[in-house]
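Here are my comments on the model, set out as numbered points that can be followed with the sequence and the coordinates side by side. I begin with a single loop residue and work outwards from there.

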Amino acid sequence: PGIGSKTALRIIRFRDALGGFISVNQVLETRGTDSTALKKLLPGFTIDPSQVRKINVNSCSEEELAKHPYASIREAKLICAYRKQRGNVSAEDLYLIKTLSPERLQKLIPYLSF
């Protein structure tokens with residue numbers, strides 16, 4: 001209640017682009033939505049983080065990683081170049097890439113498998 005079909009479609013598209021929601025607060029990140037109206041609805045949202053679709057950071061392409069809303073093409077290139085230099089990487093390894101923002105990594109890492 002309180003949102004129309006266009007807003008609902010935007011939320012679904014954003015959720016699908018992410019691979020699923022990890023937190024109900026991510027709904028508020030949906031572009032083109034009224035966050036005030038959505039905040040009222042948050043208590044009614046339920047999510048299942050175990051259903052999140054993950055990207056294998058040790059085998060994905062730059063393009064695949066860059067499609068994720070929390071990764072830019074620049075960030076995807078840096079991560080893939082680091083992996084190419086070092087071999088398989090862990091979440092902790094990504095924080096060693098000095099040019100990557102820890103805040104951005106914190107949002108992205110739940111969508112990665114290692």
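1. Thr30 sits in the loop between H1 and helix H2, the latter running over 35–41. Please keep in mind, here and throughout, that this is a predicted model. Although Thr30 belongs to a loop, the residue counts as buried, because its relative accessibility is 5% and the cut-off for buried is under 20%. Its side chain reaches the backbone oxygen of Val27 at 2.8 Å, and, when residues up to four places away in sequence are not counted, Thr30 touches Arg10, Ile11 and Phe14.

2. Thr30 appears again in the lining of the second largest pocket, where Arg10, Phe14, Glu29, Arg31, Pro69 and Tyr70 are the other lining residues. Arg10 and Phe14 are thus both contacts of Thr30 and members of this lining. The volume of the second largest pocket is about 170 Å³, and by class its lining divides into 3 nonpolar, 1 polar and 3 charged residues.

3. The largest pocket holds about 220 Å³ of space. It is lined by 15 residues, of which Arg15, Gly20, Phe21, Thr46 and Ile47 are the closest to its centre. Sorted by class, the lining of the largest pocket has 9 nonpolar, 4 polar and 2 charged residues.

4. How many cavities of 30 Å³ or more does the structure hold? There is 1 such cavity, and the volume of the largest cavity is about 30 Å³. The elements that give two or more residues to its lining are H4 and H6, and H6 supplies the largest share, with 3 residues. The full lining consists of Tyr70, Glu75, Ile79, Leu100, Arg104, Leu105 and Leu108, a set that comprises 5 nonpolar residues, no polar ones and 2 charged ones. A reader comparing the two sites will find Tyr70 both in this cavity lining and in the lining of the second largest pocket.

5. The largest nonpolar core contains 27 residues, and those that touch the most other members are Leu65, Ile79, Leu94 and Leu112. Two or more core residues come from each of helix H1 (5–18), helix H4 (73–86), helix H5 (91–94) and helix H6 (102–108). As general background, nonpolar side chains in soluble globular proteins tend to be buried together. Leu94 may serve as an example: leaving aside its neighbours within four places in sequence, this residue is in contact with Ile79, Val89, Leu100, Leu105, Ile109, Leu112 and Phe114. Among these partners, Ile79, Leu100 and Leu105 also line the largest cavity.

6. Is Glu92, which lies in helix H5, buried or exposed? Glu92 counts as exposed, because its relative accessibility is 58% and the cut-off for exposed is over 50%. The side chain of Glu92 makes a polar contact of 3.2 Å with the side chain of Ser90. From C-alpha to C-alpha, Glu92 is 16 Å from Ala81, and the two are 11 residues apart in sequence.

7. Ser101 is found in the loop between H5 and H6, and with a relative accessible area of 25% it counts as partly exposed. Its side chain is joined to that of Glu103 by a polar contact of 3.0 Å. For a sense of scale, the C-alpha atoms of Ser101 and Ala37 are separated by 30 Å, with their positions 64 residues apart along the chain.

8. Turning to the chain as a whole, it has 6 helices and 2 strands, which follow one another along the sequence in the pattern α-α-β-α-α-α-α-β. The C-alpha trace spans about 50 × 25 × 20 Å along its principal axes. Of the 114 residues of the chain, 33% count as buried, and Thr30 is one of the residues that count as buried. Where contacts join residues at least 6 apart in sequence, 53% of them join residues at least 24 apart.

How values were computed: Residues numbered from 1 in each chain as written. Predicted model: local features only at pLDDT ≥ 70, side-chain atom pairs only at ≥ 80, totals over all residues. Heavy atoms only, no water. Core = buried A, V, L, I, M, F, W, Y, C linked by side-chain atoms within 4.5 Å. Buried < 20%, exposed > 50% of the residue type's maximum accessible area, 1.4 Å probe, protein only. Helix = DSSP H or I, 4+ residues; strand = E, 2+ residues; numbered from the N terminus. Contact = heavy atoms within 4.5 Å. 1 Å grid on protein atoms, 1.4 Å probe; cavity = no way out; pocket = protein on both sides within 12 Å on 5 of 7 lines; lining within 4 Å. Points joined across faces, edges and corners; volume = space filled by probe spheres on them. Nonpolar A, V, L, I, M, F, W, Y, C, P; charged D, E, K, R; others polar. Polar contact = N/O pair within 3.5 Å; in protein donor to acceptor, adjacent residues only side chain to side chain.
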